[in-house]
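Student: Could you take me through this structure slowly, giving the reasoning behind each term as we reach it?

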Amino acid sequence: MRIGFACILGASIFAAAPAFAQSPLNLPELDRLPSPVAPKDSGTTPTGTITGAQPTTTVVTTDGPRTEITFDEPRVEPFTFWARAEYLLFFVKNTPMPVSLVTGPDPTNPTQELLNSDRSFGPFSGMRFTVGAYLDAGQSRGFEANYFALQRRSTTFSAGSDDAGTPTLQFPFVNLSPGAVGNFLMPIAYPGIFAGGVSVTSTLNLWGSEINGLQVFVPRQAGFELVGLLGVRYLNLQENLDISSVSSALLTSPNTVLAQSDQFNARNQFYGGQLGARVGFNRNRLHLNATGKIALGVNHEVVNIFGT
């Protein structure tokens, strides 16, 4: 408004000059305007354009030429878009190994458990990609969507006997055949009878995506930002358990080799709505954000079992 008022005031003073003096109109300031258009004849109106912060038009009419000064209107960006990529460092709780493998000095009664315990995958590295936009000029409403994926991690346990079948390695199992009673042991390695080994691999893979609507309650210009989130989330957790064993019968010639493989594949898919908030603190070029979300929904689980 300062530029507009200054131009209107200046134009009024110059317009009033002929009323007090009978001298030709002199506009020294207007001569300095950028891009003047020279008149083609005495009836042509010279025009100059000045770009200002506020839209205004001033028209000066005198006995001389007609001069018009125009200020461009400022542009308002109704659509603000952003995108970012983030590195993720995830930790998941230990994965149970619901498989029992026993050993011990007495092959007829092995009691030392080797597998039925939790296994740690360690830290997971991953990436998250986010895009979003404000849908109004005031940047009070918008949307944000992201996708993340963690690296596929595996943990492997292996055990084996020597050529004589020491130490013993056996899988306890429950015989579900009609008439069978009690628990049984399936030998993988047994001194003097079988020599062999076992390998157990557990694999985990996690990825997901979400989309949220944004409602700004406190704008960022205040140095503190508060944004509400409301949207939907999808998660996909894939876990695999592979058990492989090889046994060689020592009492046959040539030795009879028995190979076994069992696979358990579980897939969990979560579909749900979520509610959350993001708090931001801004000071010069320092920006700190904290986001909290809670999701409620359904989990769909599928388990596939393959064995020999």
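Student: Why is Tyr271 called partly exposed?

Tutor: In this predicted model, Tyr271 has a relative accessibility of 40%, and since partly exposed covers the range between under 20% and over 50%, that is the class in which Tyr271 is counted.

Student: What makes Tyr234 count as buried or exposed?

Tutor: The relative accessibility of Tyr234 is 17%, and because buried means under 20%, Tyr234 counts as buried.

Student: Why is the pair of Tyr234 and Tyr271 called tilted?

Tutor: The ring centres of Tyr234 and Tyr271 are 5.2 Å apart, with the planes at 50°; rings pair if their centres lie within 6.5 Å, and planes that are neither under 30 degrees nor over 60 apart count as tilted, so this pair is tilted. Tyr234 belongs to strand β15 (residues 224-249) and Tyr271 to strand β16 (residues 257-283), so the pair ties together parts that are 37 residues apart in sequence.

Student: Which residues do ring pairs link into a cluster?

Tutor: The cluster consists of Tyr147, Trp207, Tyr234 and Tyr271, linked by ring pairs, and the structure as a whole holds 8 aromatic pairs. One of them joins Tyr147 and Trp207, tilted, at 6.0 Å centre to centre and with 45° between the planes.

Student: How do you know that the charged end of Arg153 lies over a ring?

Tutor: The charged end of Arg153 is 5.6 Å from the centre of the ring of Phe124, and because the distance limit is within 6 Å, together with a limit on the angle to the ring normal, Arg153 is described as sitting over that ring.

Methods
Residues are numbered from 1 along each chain as its sequence is written. This is a predicted model: local features need pLDDT of at least 70, side-chain atom pairs count only at pLDDT 80 or more; totals for chains, interfaces and linings use all residues. Side-chain values use heavy atoms; hydrogens and water are left out. Helices (H or I, at least four residues) and strands (E, at least two) are DSSP runs, numbered from the N terminus. Buried means under 20% relative accessible area, exposed over 50%, partly exposed in between (1.4 Å probe, protein chains only). A charge sits over a ring if NZ of Lys or CZ of Arg is within 6 Å of the ring centre and within 35 degrees of the ring normal.
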